[in-house]
Structure formats: structure tokens, C-alpha cells
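Biologist: Hi! Could you walk me through this one before I head back to the bench?
Modeller: Happy to, here it is.

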Amino acid sequence: MPSAPSAPSTPSASEPVLSVRDLRIAFGGVEVVRGLSFDVHAGEVLALVGESGAGKSLTARALLGMLPPDAVHTGTVRPDLSTSRGRRIALVPQDALSALSPVHPVGDQLAAAVRSVARVSRAEARARAVAALDRVGIPDAARRARSYPHEFSGGMRQRAVVAMATINAPDVLVADEPTTALDEERRDQVLHLLTEQREAVGAALVLVTHDLEAVRRHADRALVMYAGRMTELGPVADVLQRPLAPYTAGLLACLPQHARGRRRLPTLPGTPPAPDALPPGCAFAPRCTRATQLCGREEPRPEWVDGRLVACHHWEKA
Ligand SMILES: Nc1ncnc2c1ncn2[C@@H]1O[C@H](COP(=O)(O)OP(=O)(O)OP(=O)(O)O)[C@@H](O)[C@H]1O
């Protein structure tokens with residue numbers, strides 16, 4: 001199996017704040033993430049996109065050191081999250097209600113998050129908690145900090161979990177479908193809040209989403225995944241407007257031109273292969289209009305094309 005190139009990020013002078021090399025995740029000997037490598041740079045937003053089952057959520061969980069206990073993984077994720085989670089990298093939870101404990105006041109939970117990474121007095125942690133609630137726009141934050149989550153409205157709870165995720169000014173935030181349960185209006189509000197708070201603390205964001213409109217509006221780069229591998233990785237404007245890989249092009253071509261309100265990834269004809277029944281060669285070949293005999297024989301290695309990476313024998317400029 002070909003290995004990933006050693007430096008798969010966009011060439012950049014800055015040191016990456018997160019570096020993933022040859023990440024492989026398997027269950028019962030079946031690989032579902034198959035050699036993923038990418039970097040995340042300070043303050044950037046990297047979107048992970050691709051159809052259901054591509055391995056986006058597991059990749060996000062690996063970044064957070066939160067893989068299921070029966071997952072076996074190899075490869076490297078730097079920084080090492082066993083020592084740095086919470087300080088360097090933080091999760092933006094999908095469901096605000098279940099992310100907060102019902103039995104502690106919101107301010108206490110934020111203060112506890114501060115004290116889990118910083119040696120500060122209770123009073124200082126408390127002051128930071130109130131400041132964080134204030135920063136996300138919770139009115140009368142000192143008083144509201146004493147409230148329990150069920151006393152907050154849904155919108156305020158969303159704000160509280162964004163405050164929680166950013167309170168320790170992490171280098172990287174990881175958000176897996178952070179708005180999936182929300183209606184369209186609320187979705188935009190939450191993404192806007194997340195963007196604003198992320199910028200306020202200078203954090204990068206790894207965003208797992210099916211929403212290509214959110215990718216276009218909020219992400220700097222997109223990593224397109226198929227069957228556990230990277231298909232294309234590059235600046236959002238390039239990947240979404242001039243896709244090189246037929247898989248990326250297929251995803252975009254399915255998007256109805258006038259589909260306001262229909263923003264989730266549509267399905268391409270056919271279905272992705274099951275991880276334990278991958279075809280030989282390129283996993284996308286059986287669904288690909290450009291596939292040749294070579295594709296059925298050899299898995300394509302990622303190569304650089306005009307500042308982005310593409311893993312396809314027959315990439316084409318639009
Ligand atoms: N705990 C598990 N045990 C076994 N297989 C799993 C487990 N979790 C995920 N998988 C498999 O790993 C593959 C990747 O799953 P993952 O949830 O990362 O996909 P995804 O791209 O996030 O999909 P979606 O967009 O639907 O969330 C899928 O084939 C899935 O069935």
C-alpha cells in the first residue's frame with residue numbers, strides 16, 4: 001500500500017499547530033481510516049468533508065484522543081493529546097445540553113475547566129468563567145454563571161459550550177457536525193459565534209461537516225475524504241470551484257444549482273464500499289467515470305498539483 005508523502009500540508013512558513021501523519025484506525029483488523037496525513041496551521045479552519053462513512057468523525061476523535069476503546073490506531077498525531085488535551089486542543093460538542101452537567105452551575109463547570117489546565121485560585125477561575133460567559137454574549141454573566149444548564153435557553157447553552165471550548169485559548173478546536181441538530185437560522189448563528197470566538201482566542205478549527213455552504217463560508221482549506229483516505233486537500237476556493245479529483249467533482253456536481261436550503265451533501269450514484277470489502281486499486285474506481293484499468297490495479301498516491309494535494313490517477317483541471 002503506498003504511504004503518504006512526508007509533508008502533506010500547504011507549504012507554509014509557520015509551524016503547524018497540529019500534525020497528523022499516516023493515521024490508521026482499525027476495528028477488528030479492518031482499517032477504516034487508511035493512512036491520513038495533514039497539518040493544521042495557526043488560526044486556520046480545515047474542513048473534513050466526504051460522504052457518510054468516509055472516516056471524518058473517527059479522524060476528529062483521534063485528534064482529541066477520544067477513539068472508541070476497541071479502535072486500534074497507528075501513526076502520529078502531534079501534539080500528543082495524552083498530555084495536551086484541553087490546553088492545546090478542545091472539542092466543540094455537538095449537543096449543548098448533554099455536554100453540560102445538569103447538576104452543577106454553568107460557571108462552576110467553566111471554572112473547573114480552567115483549573116483542569118491552569119494552577120489558579122478558585123476566585124481567579126471563577127473570574128475567568130464569568131469573563132468567558134460575557135465574551136460569548138451572555139447578559140449579566142456574573143449572575144447567570146450561578147444558573148444551572150436547564151435554566152439557560154437553548155441559545156444560551158450553545159453559547160456556554162462555545163465559552164467552555166475556548167476558555168483555555170486552545171491552539172485547535174475540533175467540531176464534528178456542531179450544528180447538525182439545529183435549524184438553518186440557528187446553524188448560521190452558532191457558526192458565526194464559533195468563528196468569532198475562535199478568532200478571539202486565535203484557535204485553528206478542524207470542522208467536520210456535510211454542509212458545503214458552511215465550508216465555503218467558514219473554512220480556509222478542505223480535506224475531501226473517501227473510504228478512509230484523502231482524495232483532495234487544498235484551499236476551499238480551489239477545491240470547491242475547480243475540483244481536480246473526480247470524486248470531489250461528483251460531490252459538487254450533485255449539488256442542485258438553485259438549492260437554497262438544501263445544503264447537505266447529496267449522494268453520488270452508487271455507494272461507498274464497505275471497509276471490509278474495498279475494491280483493489282482506487283476505492284472510488286467502481287463509481288468513477290474516469291476510471292481505467294490502472295485505477296483498478298493501483299491505489300493512487302497523493303501528489304501536489306498547483307498548491308493542493310490530489311490522490312487520483314486521472315485528476316483533471318476544470
Ligand atoms: N465503533 C466502531 N466500530 C466499528 N466500526 C466503526 C465504529 N465507528 C465507526 N466505524 C466505521 O468506521 C467508518 C468511518 O466512520 P466515521 O463515523 O468516521 O465516518 P464519517 O465520515 O464521520 O461518517 P458520517 O458523515 O456519517 O458521520 C464507517 O465505516 C463506520 O461504520
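Modeller: What follows is a short chat about the ligand shell, a few strands, a helix pair and some backbone details.

Biologist: Anything I should know up front?
Modeller: This is a predicted model, where local features need pLDDT of at least 70, side-chain atom pairs count only at pLDDT 80 or more, and totals for chains, interfaces and linings use all residues. Residues are numbered from 1 along each chain as its sequence is written.

Biologist: Great. Which residues are around the ligand?
Modeller: They are Phe27, Val32, Gly50, Ser52, Gly53, Ala54, Gly55, Lys56, Ser57, Leu58, Pro68 and Pro275. A residue is near a molecule if its C-beta atom, placed from the backbone, lies within 6 Å of it.

Biologist: Which helix gives the largest share of that shell?
Modeller: Helix 1, residues 56-63, with three residues. Helices (H or I, at least four residues) and strands (E, at least two) are DSSP runs, numbered from the N terminus.

Biologist: And how do the shell residues divide by chemistry?
Modeller: Six are nonpolar, five polar and one charged. Here Ala, Val, Leu, Ile, Met, Phe, Trp, Tyr, Cys and Pro count as nonpolar, Asp, Glu, Lys and Arg as charged, and the others, Gly among them, as polar.

Biologist: Switching to strands. Is strand 7 mostly covered or mostly open?
Modeller: Strand 7 (residues 204-208) is mostly covered, with five of its five residues buried. Buried means 20 or more other C-beta atoms within 10 Å of a residue's own, exposed means 12 or fewer, and partly exposed is in between, with C-beta atoms placed from the backbone.

Biologist: Which residues sit on each face of strand 7?
Modeller: Ala204, Val206 and Val208 are on one side, Leu205 and Leu207 on the other, and all are buried.

Biologist: What does strand 7 pair with?
Modeller: Strand 3 (residues 45-49) runs parallel to strand 7 and is joined to it by four bridges; two strands pair if DSSP finds at least two bridges between them. Val45 stands opposite Leu205, and Leu48 has Val208 as its bridge partner. Strand 6 (residues 172-176) is also parallel to strand 7, with five bridges, and there Val172 stands opposite Ala204.

Biologist: How about strand 3 itself?
Modeller: Five of the five residues of strand 3 are buried. Val45, Ala47 and Val49 point one way, and Leu46 and Leu48 the other. Four bridges also join strand 3 to strand 8 (residues 221-226), again in parallel, and Ala47 is partnered there with Ala222.

Biologist: New topic: at what angle do helix 4 and helix 5 cross?
Modeller: The axes of helix 4 (residues 106-117) and helix 5 (residues 122-135) come within 8 Å and cross at roughly 120 degrees. Axes are lines fitted to C-alpha atoms, for helices over the stretch in contact, and angles run from 0 to 180 degrees between N-to-C directions.

Biologist: Any odd backbone spots?
Modeller: Arg78 and Pro79 are joined by a cis peptide bond, with omega about 5 degrees. Pro79 lies in the loop between strand 4 (71-78) and helix 2 (81-84). Glu177 has a positive phi, near 45 degrees, and Asp306 has one near 50 degrees. Most residues other than glycine have a negative phi, and most peptide bonds are trans.

Biologist: Are those two buried or exposed?
Modeller: Glu177 is partly exposed, because 16 other C-beta atoms lie within 10 Å. Asp306 counts as exposed, because it has 11 C-beta neighbours inside 10 Å. Asp306 is in the loop between strand 10 (303-305) and strand 11 (308-310).
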